[in-house]
Amino acid sequence: MYWRYLTRAARRCSVHTTSSRTVGWWDHVAPAAKDPINGVTEAFLADPSPFKINLGVGAYRDDKGRPVVLQCVREAEAKIAGSEFLTKMVEESVKLVYGKDSDVVKEGRSAGVQALSGTGACRLFAEFQRRFHPESHIYFPDPTWSKYVCSSSFGFLQVLVQFFQVVKCLSDNEIDVQISIFSVIEVQSCVLYSHHNIWRDAQIPERTYHYYDPDSKSLDFAALMDDIKNAPDSSFFLFHPSAHNPTGVDPTEEQWREISYQFKVKGHFPFFDMAYQGFASGDLDKDAQAIRIFLEDEHLIGCAQSYAKSMGLYGHRVGCLSILCVDSKQAAAIRSQIQQIARAMYGSPPVHGILLVETILSDPNLKSLWIDEVKIMADRIQRKRTTLRQNLEKLGSSLNWEHITNQVDRLAKEFHIYMTQDGRISMAGVTTGNVNYLANAIHEVTRSEQETAKILCSISV
């Protein structure tokens, strides 16, 4: 009896001690910064104004501002009912980016896996890089795909610059989906998301290379080449092959060839984040030109692909990671390693979206329809950009606007126009019905105050 009593007492003591120890386990966890896109959408939905406009979400919309399901996707839906999961999506994705007749495809030298859109593909590669090149760094263009959450005595200057001044710095062939214009003065405690956080979470040290010149609103090519030359041999570099996010400024074909040549000299590894193939210019091959130049020069390449924008499958998270190898044996080994990484992260990706993409890319008729629809989307966005510029010109806006603080807040409070706090505008949200209202609102908030700042104009999705 005595021992039974001691045992029960010990158990009660143990429960009390364990309970006291578990209290406060997570008290030190602070809320993460809110996703800026979700915050914009919440504010938009809560606004009762009939004139409200949501320019925050990058997903494509039709000219009525409604989400679009492409006809090729509708037809693919009908075809996949009861279908079994196949593996052709990766094969078709590789053909799409490297070319259907390329030696990579014929010789089976690509190690590819399905990924959770482009973000997931980048994360898989970052982890692969950490495991097999643990001492390496990753070089990002400055700037690159990211969202800023900053606190300082000044914070962000929220600015919208003259739209046609932005357009003037672009070639006629560049198709923009978003415009982001912002300036930072003495910014402190800045947190970066997307590319930076993906590689940071994989514990890969980050560095940047010169890319955009805000004064000329163009590529700082000389500085970019200097950074490539001065980087340690065999460094990893991330590139946007088309529609650079967030600037919309891309190297010319000749500049890509110079970059490729210098990569050969230095033995660098190029990793391409391909988010907008077809959606940038309306031409699938043109948007993959940079990658194919590197392929011609016999580089080994890594590539992240996403179908979120180009097929309107944003919520399906369909993407592909591919790594080019010296032969099919090496490809099999690398594929097995990437698959092992993916299994530890999320097991396997959802099947439905993969089947849709696979069906569209492998069916000649559906693929042809998709190519036509991608061109239609790209052309509509180009027309809306032109129309917005024309409306601003009619309002008498000069070529040299003064740059103004608090414009994002004014657009929301006074005109019910919503965008992220860094000034990113989704051109997919501009329609025939709201473009004049939007132009008037932009003109109003940019003519009444004067605050000079540097400008970063960005064109992306």
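## Getting started

Helices and strands here are DSSP runs, numbered from the N terminus: a helix is H or I over at least four residues, and a strand is E over at least two. One thing to keep in mind as you look around is that this is a predicted model.

## The sheet

Let's begin with the strands. Seven of them make up an open sheet, and walking across it you meet β2, β14, β13, β12, β11, β3 and β8 in that order. The pairing is mixed. At the edges sit β2, covering 110-116, and β8, covering 206-210, and each of these pairs on one side only. Ignoring direction, neighbouring strands in the sheet are turned by 25° against each other on average.

For a look at one pairing, try β11 (residues 236-239) and β12 (residues 269-274), which run parallel and are joined by four bridges. Which residue of β12 does F237 stand opposite? Look for P270.

## Helices across the sheet

Two helices are worth finding next. Helix α4, residues 88-98, lies across β2, β12, β13 (302-306) and β14 (318-324). The angle between α4 and β14 is about 70°. Helix α13, residues 328-346, lies across β2 and β14, and runs at about 15° to β2. So if you follow β2, you'll come across α4 as well as α13.

## Where α4 meets α12

Helix α4 also packs against helix α12 (residues 289-296), with the axes 8 Å apart and an angle of about 90° between them. Angles from 65 to 115 degrees count as roughly perpendicular, and therefore α4 and α12 get that description.

Who's touching whom? On the α4 side there are K95, L96, V97 and Y98, and they meet I291, R292 and L295 of α12. Sorted by class, this contact has five nonpolar residues, two charged ones and no polar ones.

## Hidden spaces

How many cavities of 30 Å³ or more does the model hold? The count comes to two. The largest cavity has a volume of about 60 Å³. Its lining is made of L96, M274, Y276, Q277, Q305, S306, Y307, S310 and W370. Five of the lining residues are nonpolar, four are polar and none is charged. You may recognise L96: this residue of α4 meets α12, and L96 also lines the largest cavity.

## Backbone details

A couple of prolines deserve a quick stop. The peptide bond running from D142 to P143 is cis, with omega near 5°. You'll find P143 in the loop between β3 (138-142) and β4 (148-149). Another cis peptide bond links N245 and P246, this one with omega of about 20°. P246 belongs to the loop between β11 and α10 (253-266).

Last stop: S117. Is its phi positive or negative? The value is near 60°, so to speak on the positive side, in a residue other than glycine. S117 is part of helix α6, which spans residues 117-132.

Note on methods: Residues are numbered from 1 along each chain as its sequence is written. This is a predicted model: local features need pLDDT of at least 70, side-chain atom pairs count only at pLDDT 80 or more; totals for chains, interfaces and linings use all residues. Side-chain values use heavy atoms; hydrogens and water are left out. Two strands pair if DSSP finds at least two bridges between them. Axes are lines fitted to C-alpha atoms, for helices over the stretch in contact, and angles run from 0 to 180 degrees between N-to-C directions. Contact means heavy atoms within 4.5 Å. Angles under 35 degrees count as roughly parallel, over 145 as roughly antiparallel, 65 to 115 as roughly perpendicular and the rest as oblique. Ala, Val, Leu, Ile, Met, Phe, Trp, Tyr, Cys and Pro count as nonpolar, Asp, Glu, Lys and Arg as charged, and the others, Gly among them, as polar. On a 1 Å grid over the protein atoms alone, a cavity is a set of points where a 1.4 Å probe fits but cannot get out, and a pocket is an open set with protein on both sides within 12 Å along at least five of seven lines; lining residues have an atom within 4 Å of a point. Grid points are joined across faces, edges and corners, and a volume is the space filled by probe spheres set on the points.
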